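Here are a few exercises to work through with the model open in your viewer. Try each one yourself before reading the solution.

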Amino acid sequence: MDKPEPGWTRYDDRSPELIYGDDWVKIEDPEDYNKTALGAVHNKPSIIKFKFDGTKIRLIMNMSDSYTQKVGISIDGKVEYFSAYRESWSHLRLAYEKVGLERGIHDVKIWTEVPSSNYVVYDYRFDAIDVDSDGKLSDYNVSEIKLSAEAGNNQVTLKWSQIKDSENYTVKYGTESGKYTETVTATKDAYGNFVIPSLTNGTKYYFVVSAKVNGSDSEYSNEASATPQGGGGQTDPEQPIGNRAILVVTMTTGLEKEFDLSMKEVNDFISWYEGKQAGSGSASYAINKHDNNKGPFSSSKDYMLFDRILTFEVSEYSK
C-alpha cells in the first residue's frame with residue numbers, strides 16, 4: 001500500500017505526534033513510505049504511543065520471515081495482537097486494521113510482545129499509520145481540558161482550564177449531545193470567561209473545547225451543557241436523589257434557618273434566588289414553615305430577603 005486508499009489519510013513514522021523511545025532505530029530506505037521507517041530493536045521494549053481522532057486505523061509495516069509473529073497493540077486499554085511475519089520480505093504491507101470505533105480520541109500503544117529469532121537486528125519495521133480521511137493524529141502530551149458552562153439571558157458563559165503554550169482554542173456547540181453544528185475560535189486568553197451570544201432561551205446547548213498547541217489540536221474537553229433563560233439562567237442541575245430536602249439558609253448575620261421541604265419547594269426557592277441574582281424577581285421570597293409552624297395559626301411563612309442571604313445548603317432525602 002504505497003499510498004492510502006480512499007477514505008483514509010496517512011501519517012509517516014516521523015510524525016511529531018508519535019511518542020517513541022531511544023530504542024527505536026531510524027531507517028532510511030527508498031522503498032518505504034516517505035523513504036523512512038522505524039526499526040523495533042531486538043530484545044528491546046520498542047514502545048510507540050499516539051492518539052488519534054477518528055473511527056478506524058491501519059498500521060503499515062515492513063514484513064519478513066525473520067520478524068516477530070506477535071506484536072501487541074492496545075486501543076483505549078483493549079489489548080490485541082498481530083503479526084509482522086511474512087514468508088518473503090515486503091515493504092508497505094497492511095499489518096493491522098481496526099474499524100468501527102466510536103468517533104472520538106483514541107489512545108494507542110504498540111510494543112514487541114515476543115522477540116523474533118536471535119540472528120536479526122529488528123523484530124519488525126514500522127512505517128506509517130492510516131486513519132479516517134477526516135480524522136487526525138493528536139498531540140499526546142496536551143493536558144486534558146476541564147470545561148464548565150453557565151447560562152444567562154440568550155447567552156452562555158464558558159470557562160475552561162488553561163492549556164500551557166496554547167495558540168488559541170476552538171469551541172464547538174449544538175443542541176444535541178455529541179453533535180456540534182457551530183464552531184467559534186477563542187484567543188489564548190479567553191479561557192476564563194468566553195461568552196457565546198445570540199442563543200435561544202429555553203433551548204439546551206452542548207459545548208466542547210479543544211486547544212491548538214504547536215499547530216495541532218488537542219482532544220476535546222468534557223462536554224458541558226446549559227440552558228439560557230430570560231432574565232438569567234441555570235446550568236443543568238444534577239439529578240435529584242430524593243423527593244424531599246432539608247434547606248438550611250445562612251443569613252448575613254450568621255443566623256441559620258432550617259426548613260423541611262419538598263424538592264419542588266426547594267427548586268422554586270433556587271429559581272427565585274438565581275433569578276434575583278441575575279437581576280430579576282422580587283426582593284423577598286416566602287418559605288412555608290409547614291410543621292415548624294408555632295402557635296395557633298393556620299399557616300406561617302418566613303420571608304427571606306435576597307440581600308440578607310449569605311449561603312444556603314440543600315440536603316436531599318427520600319420519604
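**Exercise 1. Work out what share of the contacts between residues at least 6 apart in sequence join residues at least 24 apart, then describe the chain as a whole.**

Start with the contacts: in this predicted model, 66% of those between residues at least 6 apart in sequence join residues at least 24 apart. Next, count the secondary structure: the protein chain has 26 strands and one helix. Then turn to burial, where 45% of the 319 residues count as buried. Finish with the surface: about 17000 Å² is exposed, and carbon and sulfur atoms supply 45% of that area.

**Exercise 2. Find the largest nonpolar core and say which elements build it.**

Step one is the head count: this core holds 30 residues. Those with the most contacts inside it are F50, I57, L59, F82, I110, Y124 and F126. Step two is to see where the core residues come from. The strands that give two or more residues are β3 (24-28), β4 (36-41), β5 (48-54), β6 (57-63), β7 (71-75), β9 (90-98), β10 (104-112) and β11 (122-132). The largest share, five residues, comes from β11.

Step three: pick F126 and list what it touches. Leaving out residues up to four places away in sequence, F126 is in contact with D13, L18, W24, A37, L38, I48, L59, I60, M61 and I110. Don't stop there, though. There's a second, separate core of 23 residues, with V156, A190, Y205 and A226 among its members.

**Exercise 3. Trace the salt bridges of R58, and say which residues end up in one network.**

A quick reminder before you start: side chains of opposite charge can pair when their charged atoms come close. The whole structure has 13 salt bridges, so pick out the ones you need by applying the cut-off of 4 Å from a Lys or Arg side-chain nitrogen to an Asp or Glu carboxyl oxygen.

First, R58 and E5 meet at 3.1 Å, N to O. R58 sits in strand β6 and E5 in the segment before β1 (8-12), so this pair links parts of the chain 53 residues apart. Now check the burial of each partner: R58 counts as buried because its relative accessibility is 8%, while E5, at 40%, counts as partly exposed.

Second, E97 and R58 also form a salt bridge, at 2.5 Å, N to O. Here E97 is in strand β9 and R58 in strand β6, 39 residues apart. E97 is partly exposed, with a relative accessible area of 38%. Put the pieces together: salt bridges with shared partners join E5, R58 and E97 into one network.

**Exercise 4. Look at the salt bridge between D130 and R10: are the two residues buried or exposed?**

Begin with the distance: the closest N and O atoms of D130 and R10 are 2.7 Å apart. D130 belongs to strand β11 and R10 to strand β1, so the bridge ties together parts that are 120 residues apart in sequence. For burial, use the cut-off of under 20% relative accessible area. D130 comes out at 0% and is buried. R10, at 9%, counts as buried as well.

**Exercise 5. Which residues in the loop between β3 and β4 have a positive phi without being glycine?**

As a baseline, most residues other than glycine have a negative phi. Now go through the loop between β3 and β4. N34 is found there, and its phi is near 55°. K35 is in that loop too, with phi near 65°. One more step for K35: a relative accessibility of 54% makes it exposed.

**Exercise 6. Describe the surroundings of T55 and of T250.**

Take T55 first. You'll find T55 in the loop between β5 and β6. Its side chain makes a polar contact of 2.6 Å with the side chain of D132. Setting aside neighbours within four places in sequence, T55 is in contact with K98, V99, G100, L101, E102, R103 and D132.

Now T250, which is in strand β22 (residues 244-251). Relative accessibility is 15%, so T250 counts as buried. Skipping residues up to four places away in sequence, T250 touches L255, E256, I309, L310 and T311. To close, compare sequence with space: T250 and R308 are 58 residues apart in sequence, and their C-alpha atoms are 8.8 Å apart.

How values were computed:
Residues are numbered from 1 along each chain as its sequence is written. This is a predicted model: local features need pLDDT of at least 70, side-chain atom pairs count only at pLDDT 80 or more; totals for chains, interfaces and linings use all residues. Side-chain values use heavy atoms; hydrogens and water are left out. A nonpolar core is a set of buried Ala, Val, Leu, Ile, Met, Phe, Trp, Tyr and Cys residues joined through side-chain atoms within 4.5 Å. Buried means under 20% relative accessible area, exposed over 50%, partly exposed in between (1.4 Å probe, protein chains only). Helices (H or I, at least four residues) and strands (E, at least two) are DSSP runs, numbered from the N terminus. Contact means heavy atoms within 4.5 Å. Accessible areas come from the Shrake-Rupley method with a 1.4 Å probe; for residues, only the protein chains shown count as cover. A polar contact is a pair of N or O atoms within 3.5 Å; within protein, one must be able to donate a hydrogen and the other to accept it, and residues adjacent in sequence count only if both atoms are side-chain atoms.
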